[in-house]
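Colleague: I would like a close look at one part of this model, starting from a single residue. Please explain the terms as you go.

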Amino acid sequence: MDTKVKAAVLVKPGHVEIREFDMPQLGNGAAICKVLMAGVCGTDKHSYRGETVQYKGTENEIDLPFPIIQGHEIVMEIVAIDEAGARNLSYDGDELKVGDRITICPDVVCGKCWYCKNIPNYPWCEHLQFSYGNMRSCDDGNHLYGGFSQYIYLEPGTRAYKVPDGLPDEMACFTEVMCVTYTLEKAREFSSFSLEGFNFGDTVVVQGAGPLGIAHIAMARMLGAGKIIATDISDYKLDIAKAFGADVVINAETTTAAERIALIKSETNGRGAEIVVECVGRPEVFPEGLKYLRKAGMYLEPGNFVDCGGVDVNVHEICANNLRIVGMTNHTHTKYKTVMEMMLRTKDRFPWERIFSHKFSLAQTEQAIQTSMTKDSMKVLIDPWA
Ligand SMILES: [Zn+2]
Ligand SMILES: [Zn+2]
């Protein structure tokens with residue numbers, strides 16, 4: 001095994017440096033993995049821009065501890081693992097061994113607090129301080145806690161998932177994003193009430209056709225959506241949205257809010273959509289999105305994961321229209337294996353390869369993050385061995 005490891009370190013917002021670390025010693029119940037590929041997430045862009053407060057107003061509120069090795073959408077190969085790690089790191093009970101290709105859920109929870117015990121399928125842990133590529137500084141512990149690195153160190157408590165054979169590395173990197181679409185399954189839970197939540201054939205509007213938006217379009221289609229409408233400011237992204245099954249696309253740069261609302265009403269017999277999903281990651285789109293809904297429609301909010309401030313909302317409209325607003329921070333760790341198998345199963349049904357617009361080397365990490373912020377990029381990947 002190599003003795004030195006190169007990693008891209010976000011020293012502070014707006015400043016990435018390539019640093020060299022000593023290869024850590026393998027600890028009890030841990031694993032060391034070679035990073036094969038990592039995706040740049042919306043969260044990584046926010047951190048780079050200095051929008052670094054997450055989980056505001058909760059027990060987990062954190063202002064990110066710099067320096068950080070970013071990257072939490074990672075596919076990796078195990079290069080060192082002990083017996084305890086082989087037994088305990090796999091979420092699905094697979095025996096792990098050197099050479100296995102895996103991905104991980106970024107969040108490591110305590111397993112002991114009220115949330116971990118009572119609502120264990122979510123990373124709502126009251127003591128959540130460990131999230132790969134995001135919440136733990138590379139000055140800490142075994143340093144290598146992010147995917148923009150040649151190697152990563154998996155601490156005990158990490159949930160790892162074997163990647164099925166035949167699923168390309170790029171798609172394995174997209175697993176975490178697809179897991180966020182659990183928001184739509186949440187909306188389906190309400191379908192047991194008459195015409196509430198997300199029923200078969202319902203209209204779904206997705207605000208924002210970046211990688212998270214496309215993931216929701218694909219999932220909405222698989223879960224039986226009727227009309228799917230996507231909005232974005234990039235025609236390039238809207239074109240991909242169409243390829244994934246959006247029936248109607250609206251360029252938000254060349255239309256006014258009033259036009260968009262009118263168009264969505266006219267596409268839904270004058271009533272409005274049953275479901276709107278916010279995948280822009282900016283609070284400004286929220287008040288308008290509420291106006292896309294029909295009475296008792298449901299607004300899903302997985303996009304504003306980072307605190308970007310507030311907006312004015314006319315609360316009366318929520319009351320008058322019986323709107324249901326469902327916030328979803330992060331994602332459940334229970335769906336990784338299912339999501340990977342589903343992506344493999346639909347390899348020919350969806351043009352998954354169109355999601356991956358750029359690939360950069362580790363030395364180009366800063367360029368990769370900047371590229372991911374441009375209008376005409378989708379999921380940007382980093383190959384640390386390129
Ligand atoms: Zn992510
Ligand atoms: Zn906990």
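Is C41 buried or exposed, and what is its relative accessible area?

Modeller: C41 is buried, with a relative accessible area of 13%. Buried means under 20% relative accessible area, exposed means over 50%, and partly exposed lies in between, using a 1.4 Å probe and protein chains only. This is a predicted model, in which local features need pLDDT of at least 70 and side-chain atom pairs count only at pLDDT 80 or more, while totals for chains, interfaces and linings use all residues. Residues are numbered from 1 along each chain as its sequence is written, chains are lettered from A and ligands numbered from 1 in the order in which they are written, and side-chain values use heavy atoms, with hydrogens and water left out.

C41 is one of the protein donors of the zinc ion (ligand 1), through its SG atom. The others are H72 (NE2), E73 (OE) and E176 (OE), and the donors lie 2.1 to 2.5 Å from the zinc ion (ligand 1). A donor is an N, O or S atom within 2.8 Å of the metal (3.2 Å for Na, K and Ca); water is not among the atoms, so sites may look incomplete. In sequence, the spacing of the donor residues is C-x30-H-E-x102-E. C41 sits in the loop between strand 3 (31-39) and helix 1 (42-49), and E176 sits in helix 5 (residues 175-180), so this pair ties together parts that are 135 residues apart in sequence. Helices (H or I, at least four residues) and strands (E, at least two) are DSSP runs, numbered from the N terminus. E176 is also buried, at 9% relative accessibility.

The angles among the 4 donor atoms run from 83 to 158°, and the site of the zinc ion (ligand 1) is irregular. Four donors count as tetrahedral if all angles lie between 85 and 135 degrees; four count as square planar and six as octahedral if opposite donors are over 155 degrees apart and all others between 65 and 115; anything else is irregular.

The zinc ion (ligand 2) has C110, C113, C116 and C125 as its donors, each through SG, at 2.3 to 2.4 Å. Their spacing in sequence is C-x2-C-x2-C-x8-C. Here the 4 donor atoms subtend angles of 102 to 120°, which makes the arrangement tetrahedral. C116 is buried at 11% relative accessible area, and C125 is buried at 1%.

On cysteines in general, a disulfide is a covalent bond between the sulfur atoms of two cysteines. Counted as a pair of cysteine sulfur atoms within 2.5 Å, disulfides number 0 in this model. C319 is an exposed cysteine, with a relative accessible area of 59%.

Back to strand 3, which ends before the loop that holds C41. Strand 3 pairs with strand 20 in the antiparallel sense over 2 bridges; two strands pair if DSSP finds at least two bridges between them. One bridge sets A38 against I382 of strand 20. I382 is also the bridge partner of F360, and strand 19 (residues 356-361) runs parallel to strand 20, joined to it by 5 bridges. Strand 20 (residues 379-383) is mostly covered, with 5 of its 5 residues buried. K379, L381 and D383 point one way, and V380 and I382 point the other way. In a regular strand the side chains alternate between the two faces of the sheet.
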